[in-house]
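Hi,

Here is the model I promised to pass on, with my notes below it. Have a look at the structure, then read on.

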Amino acid sequence: MLKKLTDHKKNKKNIKDEIINIDEDNIPKHVAIIMDGNGRWAKKRGLPRIAGHREGMNVIRKVVKRANHIGVEALTLYAFSTENWKRPKNEVDFLMRLPEMFLNKELPKLIDENVVVRLTGSKENLPKHTINAVEKAIEDTKNNDGLILNFALNYGSRSEILQAVKQLYHSLDENKEVIDHITEDDLSKFLMTGDLQDPDLLIRTSGEIRLSNFMLWQLAYAEFWFTDVLWPDFTEDHFNEAIQVYQKRARRYGGV
Ligand code: IPE
Ligand code: IPE
Ligand code: MG
């Protein structure tokens, strides 16, 4: 069944033609995106890398809107990895300002559009101003029940799994013999994604075909879609294309 266009009164532009080929009965519930290529986008234009990050921020707005519109339940955006601290200080400082720049502008709209903001990542080493901006957004959207917009910020999957194992171990208290009965779900609960369902679809831009320490556990059965498009050039149409490709995949989970 094709997506019915009934619920976008707020959209000034008629997007009927753009989403016409999306099957509304097979929308990925959770889409995760490795937003890559900001630096190369800027370099191509002779601009500093941070200009690419600024431009990339504007793409987030469009993708959130489209994801919400077609009925995606959760959208995780990889915004800063635990390895990105290796970058020059001025770039890191700018990236740490991006969440508040984005949220200062977008939070009222996100509240209005029933979006729930979440954070997946470690608060350790994040500047106070970054934490404050994200925590305010989480607080202000906590009573919403629409699209979950999950920012993976200061996130690295191996350290996430390691801390989950440690927390799980400590949760056993004196009762260490139950270790033999621990299930995958038990460990999952201690991952930073908590109760968030695993992604159905992973998108990575910029032509890199790797995970870069992103959601190693959670992506076990996700469909992957890679594009050469640099993140600042990514549009709603590219997002649609990813959804369409996803809808043609046969997800077998090891079955037949
Ligand atoms: C992605 O773009 C944004 C972050 C990693 C924060 P990059 O900054 O990695 O851009 P490239 O890969 O250098 O082009
Ligand atoms: C992954 O991109 C991290 C984010 C998009 C936030 P990178 O640009 O840091 O990854 P590598 O270094 O190319 O693997
Ligand atoms: Mg990169």
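I'll start with ligand 2: strand S2 (residues 74-81) makes the largest contribution to its shell, with three residues. Strands here are DSSP runs of E with at least two residues, helices are runs of H or I with at least four, and both are numbered from the N terminus. The full set around ligand 2 is Ile34, Met35, Asp36, Tyr78, Ala79, Phe80, Asn84, Arg87, Arg204, Arg210 and Ser212, where a residue counts as near if one of its heavy atoms lies within 4 Å. Sorted by class, that shell holds five nonpolar, two polar and four charged residues. For the classes, Ala, Val, Leu, Ile, Met, Phe, Trp, Tyr, Cys and Pro are nonpolar, Asp, Glu, Lys and Arg are charged, and the others, Gly among them, are polar.

Before going further, the ground rules: this is a predicted model, with local features needing pLDDT of at least 70 and side-chain atom pairs counting only at pLDDT 80 or more, while totals for chains, interfaces and linings use all residues. Residues are numbered from 1 along each chain as its sequence is written, chains are lettered from A and ligands numbered from 1 in the order written, and side-chain values use heavy atoms, leaving out hydrogens and water.

Back to ligand 2 and its polar contacts (pairs of N or O atoms within 3.5 Å). Oxygen atoms of ligand 2 lie 2.6 Å from a side-chain N or O atom of Ser212, 2.8 Å from a polar side-chain atom of Arg210 and 3.3 Å from one of Arg87. On its own ligand 2 has 390 Å² of accessible area, and the protein covers 78% of that (Shrake-Rupley, 1.4 Å probe).

Arg87 turns up again at ligand 1, with a polar side-chain atom 2.6 Å from a ligand oxygen. Backbone polar atoms join in too: Gly39 has one 2.9 Å from an oxygen of ligand 1, and Gly37 has one at 3.3 Å. Ligand 1 exposes 380 Å² when taken alone, and 87% of that is buried by the protein.

There are 13 residues around ligand 1, and the nearest are Asp36, Gly39, Arg40, Arg49 and Arg87. Three are nonpolar, five polar and five charged. Helices H1 (38-44), H2 (49-70) and H3 (89-112) each bring at least two residues to this shell, and H1 gives the most, with three.

As for the whole protein, it has seven helices and six strands, in the order β-α-α-β-α-β-α-β-α-α-β-β-α along the sequence. Its C-alpha atoms fill a box of roughly 60 × 50 × 35 Å along the principal axes. The radius of gyration is 19 Å, which agrees with the value near 18 Å for a compact globule of 256 residues (taken over C-alpha atoms; the rule is 2.2 Å times the number of residues to the power 0.38).

Cheers

Definitions and conventions:
A polar contact is a pair of N or O atoms within 3.5 Å; within protein, one must be able to donate a hydrogen and the other to accept it, and residues adjacent in sequence count only if both atoms are side-chain atoms.
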